Amino acid sequence: MALALPISRFPCKLLSPPCLWQEADNTLQLIKYLIVSFAIQRKVTAVTKRVDFTISGQWNVTVVDENGKEESTVFDAVMVCIGHHVKQHLPLDSFPGIDRFKGPYMHSREYKEPWEYRDKCVLVIGIGNSGGDIAVEVSRHAAQVYLSTRRGAWVINRISDNGYPLDIVTIRRYLNVIPIPEALMNFLAERKINSRFNHSNYGLQASHRFKNQIPTINDELSNRIITGSVIVKPNVAEFSETGAIFDDGTKVDNLDFIIFATGYSFDFPFLEVDHTLTVRGNVVSLYKNVFLPSLPRPTLAIIGLAQPRGALFPVSEMQGRWTTRIFKGLAKLPDSTGMKKDITEKREALKKRYVDSQRHTLQVDYITYMDEIGELIGVKPRFLPLFLRDPALALSVFFEPCTPYQYRLGG
């Protein structure tokens, strides 16, 4: 995605494809540089509050290096940046008979190369982004790929109108403020998506509306389905020794492999805080997905624990900008009651909007969330003052893609 540039510096020509590719390369180089420079290859085994935490807010951080040597250091503040794709979610108890299946099965996290499945019969369970990508890749080598889905999916392209990346076209401020009824938005989005290929004809018709679940992004799935390389099936009712029986009564025998693309879960086993950081079903109580309301000193922040409809890197950077100001005392958090009230309201809104699933517990809208955090640190773009100072720039901010550079215009 084009808006996934990791740092909100002002770029070369934003919409020039060579520049976008160069930024992607720079992202990988940046990650490698950070790993080497900050010894990230060391494993953190414990983060615990100091005895005088209520006064100092300090933490003991214990790490182990590649040679097994343990070291403990005192830090004034800690950012936890593990993200939410931490542990493979493999709900085998939801698939009766899996213990009888004689072939190998694995989680999508273990998937490496598609040619390992040459001339095999493969079942992929789950139609999120991982499931769709794996089904497409494996279908070029396997004898047959089956793709199982419980409730279908809305499948969209990475590339949108006029060849621009999807988020370049859709994540714009004017689209975020126009009061379009959700029913109308669903109708327009579903009609546009079905104009590319009718989901009912491809066995992908979703049981939910477009805005009630994260769409699947895949450019090739429909092509693989129309050629018969991928066959879409409903949810697995049970497994036999050699195959699977599906909810519609159909059977597939002689399965060679099963790949569970069933998502991820997360937890913080190294953090010793208190019961308020307990994670259940990917639900955790954090103010703006970052701060624990129960801590007497706000010196612990969780960064990247959000799933935006848009790019995560700018969201994580914005969280980091906010967090450093909290740590320095340049910005303050509401009291515990205010933070808990915000958490409850956000959680209830998610329940009303999305299908009940642990993949939606961290969902945020890109512009809304970026503006919320930006407002807290004074970097949210102010349209009227900007319009009076530079009308052309203001109109660009309002009508053009909402890039992270907008949050460097002021504050």
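The exercises below, each with a worked solution, concern the predicted model shown above.

Residues are numbered from 1 along each chain as its sequence is written, and side-chain values use heavy atoms, with hydrogens and water left out. Since the model is predicted, local features need pLDDT of at least 70 and side-chain atom pairs count only at pLDDT 80 or more, while totals for chains, interfaces and linings use all residues.

**Exercise 1. The pair α8 and α10**

Task: Describe how helix α8 and helix α10 are arranged, and list the residues through which they make contact.

Solution: Two packed helices are described by the angle between their axes and the distance between the axes. Helices here are DSSP runs of H or I with at least four residues, strands are runs of E with at least two, and both are numbered from the N terminus. Axes are lines fitted to C-alpha atoms, for helices over the stretch in contact, with angles running from 0 to 180 degrees between N-to-C directions.

Step one takes the geometry: the axes of α8 (residues 312–328) and α10 (residues 366–377) come within 10 Å and cross at roughly 20°. Step two classifies the angle, and α8 is therefore roughly parallel to α10, given that angles under 35 degrees count as roughly parallel, over 145 as roughly antiparallel, 65 to 115 as roughly perpendicular and the rest as oblique.

Step three gives the handedness: α8 passes α10 in a left-handed crossing, a term used if the near helix is turned anticlockwise from the far one by less than a right angle, whereas clockwise is right-handed.

Step four names the residues in contact (heavy atoms within 4.5 Å). From α8 come Pro 314, Val 315, Met 318, Gln 319, Arg 321, Trp 322 and Arg 325, and from α10 come Tyr 366, Tyr 369, Met 370, Ile 373, Gly 374, Leu 376 and Ile 377. These residues divide into 10 nonpolar, 2 polar and 2 charged, where Ala, Val, Leu, Ile, Met, Phe, Trp, Tyr, Cys and Pro count as nonpolar, Asp, Glu, Lys and Arg as charged, and the others, Gly among them, as polar.

**Exercise 2. Two residues of the loop between β17 and β18**

Task: Work out the accessibility and surroundings of Val 279 and of Asn 282.

Solution: Val 279 is found in the loop between β17 (271–272) and β18 (300–302), and Asn 282 lies in the loop between β17 and β18 as well. Buried means under 20% relative accessible area, exposed over 50%, and partly exposed in between (1.4 Å probe, protein chains only). Val 279 counts as partly exposed because its relative accessibility is 22%, and Asn 282 counts as buried because its value is 8%.

Leaving aside neighbours within four places in sequence, Val 279 is in contact with Phe 266, Asp 267, Phe 268 and Val 284. The C-alpha atoms of Val 279 and Phe 268 are separated by 8.3 Å, the two residues being 11 apart along the chain. With the same neighbours set aside, Asn 282 is in contact with Tyr 264, Ser 265, Phe 266, Gln 358, Thr 361 and Leu 362.

The side chain of Asn 282 also reaches the backbone oxygen of Tyr 264 at 3.1 Å.

**Exercise 3. From α8 towards α9**

Task: Which accessibility classes apply to Leu 330 and to Ser 336?

Solution: Leu 330, found in the loop between α8 and α9, counts as exposed because its relative accessibility is 66%. Although 47 residues separate Leu 330 from Ile 377 along the chain, their C-alpha atoms are 8.7 Å apart.

Ser 336 lies in helix α9 (residues 336–353) and is partly exposed, with a relative accessible area of 27%. A polar atom of the side chain of Ser 336 lies 3.5 Å from the backbone oxygen of Pro 293. Between Ser 336 and Arg 325, which are 11 residues apart along the chain, the C-alpha separation is 18 Å.

**Exercise 4. Two asparagines**

Task: What are the phi values of Asn 162 and Asn 254, and where do these residues lie?

Solution: Asn 162, in the loop between β9 and α4 (166–170), has phi near 60°, a positive value in a residue other than glycine. Asn 254, in the loop between β14 (251–252) and β15 (257–260), has a positive phi of about 60° although it is not a glycine. As for accessibility, Asn 162 is exposed at 75% relative accessible area, and Asn 254 is exposed at 60%.

Key. Polar contact = N/O pair within 3.5 Å; in protein donor to acceptor, adjacent residues only side chain to side chain.
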